[in-house]
Amino acid sequence: MPKGPTKRRPQTTARLLEAAQGTFAERGFYGSSIEVICERAGLTRGAFYSNFRTKEELFFALFDLHAQSVVDRLTAAVDELDTSEDPVRAVLHRMTALDEAERRWYLLSTEFTLHAIRHPATARALAEHDRRLREEIVRLLGRLFDRLGRRPTVDLESLARLTTAVHEGSLAQSLVEPDRLAPEELAVTYLPLLVEAVSERAADGGRARS
């Protein structure tokens with residue numbers, strides 16, 4: 001049987017992640033110290049360092065949790081394509097949904113991206129986490145085209161980068177000018193046209209896949 005500390009480690013990690021999420025939201029990445037995160041979690045610095053080597057590593061754990069939630073949300077949208085009258089826009093509405101948690105995550109991830117740009121080793125680590133998320137988006141784009149009965153005529157990884165850039169760029173503009181631009185407006189208006197422009201009707205009409 002596992003000893004006490006081993007059994008408690010997942011609980012400790014979860015407490016640190018929850019505390020970091022709240023602290024980062026309130027203070028930002030730079031303004032959040034390991035000491036404050038530990039105090040919020042009710043844990044010692046030793047407990048922190050038994051789970052994470054650095055504050056950056058803690059951020060990447062949060063990144064992976066958020067990435068999985070994005071993949072789950074988009075997977076559900078693709079699974080529901082057959083029941084939607086406008087399937088592409090249905091997926092985009094899921095992708096661009098903005099609640100307070102998503103707003104906080106955008107602010108934190110933007111701040112961390114600027115941090116990574118200034119630190120090459122961190123940038124390489126961030127690029128690897130981005131790559132893993134992008135692989136999932138590429139997979140979902142393939143399923144989306146298949147469900148639509150269309151064949152992409154461009155590289156799906158490049159298309160994933162472009163859709164991400166449109167999403168993040170339009171979200172930034174919306175947060176600056178919320179009374180002028182809804183978070184989903186640019187993506188929902190223009191990405192369906194892009195999907196049609198970079199694909200052609202499949203010879204077999206497409207197949208519904210699980």
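These legends go with a set of close-up views of one predicted protein model.

Because this is a predicted model, local features need pLDDT of at least 70 and side-chain atom pairs count only at pLDDT 80 or more, while totals for chains, interfaces and linings use all residues. Residues are numbered from 1 along each chain as its sequence is written, and side-chain values use heavy atoms, with hydrogens and water left out.

**View 1. The whole chain, with nine helices and two strands.** Helices (H or I, at least four residues) and strands (E, at least two) are DSSP runs, numbered from the N terminus. In sequence order the pattern reads α-α-α-α-α-α-α-β-α-α-β. The C-alpha trace spans about 60 × 50 × 35 Å along its principal axes. Of the 210 residues, 39% are buried (under 20% relative accessible area; exposed is over 50%, partly exposed in between, with a 1.4 Å probe and protein chains only). Take the contacts (heavy atoms within 4.5 Å) between residues at least 6 apart in sequence: 69% of them join residues at least 24 apart.

**View 2. The annotated stretch at residues 10-70.** An unreviewed UniProt entry places "domain: HTH tetR-type" here, and "DNA-binding region" at residues 33-52. UniProt positions are given in the numbering used here, feature names are shortened, and annotations may be inferred rather than shown by experiment. Residues 10-70 are 77% helix and 0% strand, with end C-alpha atoms 23 Å apart. For residues 33-52, the figures are 65% helix and 0% strand, and the end C-alpha atoms sit 14 Å apart.

**View 3. Glu102, a buried acid in helix 6 without a salt bridge.** A salt bridge here is a side-chain nitrogen of Lys or Arg within 4 Å of a carboxyl oxygen of Asp or Glu. Lys and Arg count as positive and Asp and Glu as negative, with His and the chain ends not counted. For Glu102, the nearest side chain of opposite charge is Arg73, 4.1 Å away. Leaving aside residues up to four places away in sequence, Glu102 touches His66, Arg73 and Ala97. Helix 6 itself covers residues 100-118.

**View 4. Two salt bridges within helices, Arg103–Glu100 and Glu136–Arg139.** In helix 6, Arg103 and Glu100 meet at 3.7 Å, N to O. These two are three residues apart, about one turn of the helix. Arg103 counts as partly exposed because its relative accessibility is 35%, and so does Glu100, at 43%. In helix 7 (residues 120-148), Glu136 and Arg139 are likewise three residues apart, so about one helical turn separates them. Their closest N and O atoms are 2.8 Å apart. Glu136 is partly exposed at 29% relative accessible area, as is Arg139 at 38%.

**View 5. Arg151 and Glu200, a salt bridge between the two strands.** The N to O distance is 1.9 Å. This pair links distant parts of the chain, with Arg151 in strand 1 (residues 150-152) and Glu200 in strand 2 (residues 199-201), 49 residues apart. Both ends are partly exposed: Arg151 has 43% relative accessibility and Glu200 has 34%.

**View 6. A network of salt bridges.** Asp64, Glu128, Arg131, Arg132 and Glu135 are linked here. The structure holds 13 salt bridges. Side chains of opposite charge can pair when their charged atoms come close.
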